[in-house]
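Let us work through this chain step by step, with a question and a reasoned reply each time.

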Amino acid sequence: MPDKAIALENLDLSLGSGAARVHILKGISLDVDAGEAIGLVGPSGSGKSTLLMTMAGLERPDSGRITIAGQNLAGMDEDALARFRGRNIGIVFQSFHLVPTMTALENVALPLELADRPDAFARAEKELRAVGLGERLNHYPAQLSGGEQQRVAIARAIAPDPAIIVADEPTGNLDETTGGSIVDLLFAIKRDRGATLVLVTHDTALARSCDRMVRLRSGRIEEPDTPAGNTMADRGEAD
Ligand code: ADP
Ligand code: MG
């Protein structure tokens, strides 16, 4: 594993077509060290989700270079990129994105089966126990609380043992207490596995507990001009 987990160089991305085309990422450059936790903050619409999905290889930039674990994503076709993502990047969404017709166990086993892992179900069970859901293996998402569904989603993201975990407002649909336990879980995973964590959040306290806070505004990274820890609230832009 090289020292840099993620290297983004001068990314530009527009999405949509015709009059609805939006220039979302405007010359983004960012390095994230292996094992580092980054809190990505900024107003709604500033491009946080798009940047997260781009660094996770789910969106291709129009220009610029993405290097993940030393590998340039531009050289990969769609199949290679999907395989690379499956091994290297765990993705956690605000709204969990579980398959409703699958049990917790089946949801977590799915990416492992897609990766042809013969131990998919044993591994999935182990990961669900590790996130505290040993008693919920055969429950369907609708039978689980929001916090439990997010734990399943996290177990699914970490089951292939990715070096990088990206999470898009993972506490956004949870109450404060439940959200806090999800954050504790993500940081425990970072610590125990040495994983790199990129976290989009509106929660200033959470962003501050990361190693570094990166602020987006209108598709650009703002240079830090005030000490980390008293920026977001002061500008009244936490939304
Ligand atoms: P954030 O996560 O910071 O709220 P997003 O990355 O979701 O911001 O969106 C940034 C901007 O790009 C918004 O103005 C949004 O409406 C626009 N946008 C996002 N996805 C698309 C898309 N597929 N097509 C067109 N515009 C998009
Ligand atoms: Mg978003």
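Q: What percentage of the 239 residues of the chain count as buried?
A: The model is a predicted one, and a residue counts as buried in it when its relative accessible area is under 20%. Of the 239 residues of the chain, the share that meets this cut-off is 49%.

Q: Why is the chain said to be as compact as a globular protein of that length?
A: The chain is built with 7 helices and 10 strands. For 239 residues the globule rule gives a radius of gyration of 18 Å, and the chain is as compact as a globular protein of that length because its own value is close to this, at 18 Å.

Q: Which residues have the most contacts inside the largest nonpolar core?
A: The largest nonpolar core has 37 residues, and helix H3 (104–114), helix H5 (146–158) and strand S7 (164–168) are among the elements that each supply at least two of them. Within this core, the residues with the most contacts are Leu 128, Val 152, Ile 154 and Phe 187.

Q: How many residues are in the second, separate core?
A: This core is separate from the one that holds Leu 128 and Val 152. Leu 73, Met 76, Leu 81 and Val 214 are included in the second core, and its number of residues is 32.

Q: Among contacts between residues at least 6 apart in sequence, what percentage join residues at least 24 apart?
A: Val 152 offers an example of contacts beyond four places in sequence, since its partners there include Leu 98, Ala 104 and Leu 128. Among contacts in the chain between residues at least 6 apart, the share joining residues at least 24 apart is 69%.

Notes. Residues numbered from 1 in each chain as written. Chains lettered and ligands numbered in written order. Predicted model: local features only at pLDDT ≥ 70, side-chain atom pairs only at ≥ 80, totals over all residues. Heavy atoms only, no water. Helix = DSSP H or I, 4+ residues; strand = E, 2+ residues; numbered from the N terminus. Rg over C-alpha atoms; globule rule 2.2 N^0.38 Å. Buried < 20%, exposed > 50% of the residue type's maximum accessible area, 1.4 Å probe, protein only. Contact = heavy atoms within 4.5 Å. Core = buried A, V, L, I, M, F, W, Y, C linked by side-chain atoms within 4.5 Å.
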